[in-house]
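Visitor: Could you walk me through this chain, and tell me the reasons behind the words you use for it?
Guide: Gladly, here it is.

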Amino acid sequence: MRDHLPPGLPPDPFADDPSDPCAALDSVEPAQPLDAEERLAVEEDLADLAVYEALLARRGVRGLVVVCDDCQLDHYHDWDMLRANLLQLLVEGTVRPHEPAVDPSPEAYVTWDYCRGYADAVMHTEDD
C-alpha cells in the first residue's frame with residue numbers, strides 16, 4: 001500500500017480503497033472567494049463578535065447558539081470557534097466541518113439577536 005501523505009504521518013487506512021468515505025468529497029467544488037459585499041458582512045460579524053464577547057463573556061456567556069439550517073437543531077459555538085470560523089470564511093470562502101460542542105450547557109449560550117440587543121442596551125445606557 002502506498003500513501004500520498006508526507007513521511008512521518010500515520011498511513012491512510014483508506015488508501016487505494018474504492019469505498020473510501022472521503023471519495024464523496026472529490027466531487028465537491030472548491031469554494032469561491034467572497035465578493036466584496038459578503039466580505040464586508042463577515043468583517044462586520046467579526047467586529048460585532050469582539051464586542052459581544054467583551055460584554056458577555058465576563059457574565060458567563062460562552063458563545064452563541066445557532067439553529068442549523070440542515071438539521072434544525074441548536075448548535076453551540078464558543079467565542080473562539082466562531083472567530084475561527086469567520087476568519088476561515090474570509091480566507092477560504094467556506095467553513096470546514098467541525099465537531100459540535102460536547103455536552104454544552106444551553107444556558108451559557110445566547111443568540112445573535114440577544115447579543116445585538118444587549119450591546120444596544122449597553123450603548124444607550126452609557127449615552128444617558
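Guide: What follows is a short conversation about the sheet, a helix beside it and one residue, in a model that is predicted.

Visitor: What makes up the chain, in helices and strands?
Guide: The chain holds three helices and three strands. Along the sequence they come in the pattern α-β-β-α-β-α.

Visitor: How do you know that β1 and β2 pair?
Guide: Pairing asks for at least two bridges between two strands. Strand β1, residues 63-67, shares five bridges with β2, in the antiparallel sense. Five bridges satisfy that cut-off, so the two strands count as paired. Among the partners, Leu-64 has His-77 of β2 as its bridge partner, and Val-65 stands opposite Tyr-76.

Visitor: What makes β1 and β3 a pair?
Guide: Two bridges join β1 to β3. The cut-off is at least two, so this counts as pairing as well. These strands run parallel, and here Leu-64 stands opposite Val-110 in β3.

Visitor: Why is the pairing in the sheet called mixed?
Guide: Strands of a sheet can pair either parallel or antiparallel. In this open sheet, ordered β2-β1-β3, the pairing is mixed: β1 and β2 are antiparallel, while β1 and β3 are parallel.

Visitor: Why are β2 and β3 said to stand at the edges?
Guide: β2 (74-78) and β3 (109-110) each have a single partner strand, so one side of each lacks a neighbour in the sheet.

Visitor: Which helix packs on the sheet?
Guide: That is helix α2, residues 79-92, which touches β1 and β2. Its direction makes about 90 degrees with that of β2.

Visitor: What lies between β1 and β2?
Guide: Their hairpin has six residues between the strands, and in this hairpin Gln-72 takes a positive phi near 60 degrees.

Visitor: Why is Asn-85 called buried?
Guide: Asn-85 belongs to helix α2. Its relative accessibility is 15%, and buried means under 20%. The value falls under the cut-off, so Asn-85 counts as buried.

Visitor: Which residues does Asn-85 touch?
Guide: Leaving aside residues up to four places away in sequence, Asn-85 touches His-77, Val-95 and His-98. Of these, His-77 is also the bridge partner of Leu-64.

Visitor: How much of the chain counts as buried?
Guide: Of its 128 residues, 25% do. The accessible surface of the chain comes to about 9600 Å², with 56% of it belonging to carbon and sulfur atoms.

Methods:
Residues numbered from 1 in each chain as written. Predicted model: local features only at pLDDT ≥ 70, side-chain atom pairs only at ≥ 80, totals over all residues. Heavy atoms only, no water. Helix = DSSP H or I, 4+ residues; strand = E, 2+ residues; numbered from the N terminus. Contact = heavy atoms within 4.5 Å. Axes fitted to C-alpha atoms, helices over the stretch in contact; angles between N-to-C directions. Buried < 20%, exposed > 50% of the residue type's maximum accessible area, 1.4 Å probe, protein only. Areas by Shrake-Rupley, 256 points an atom, 1.4 Å probe, with all protein chains shown as cover.
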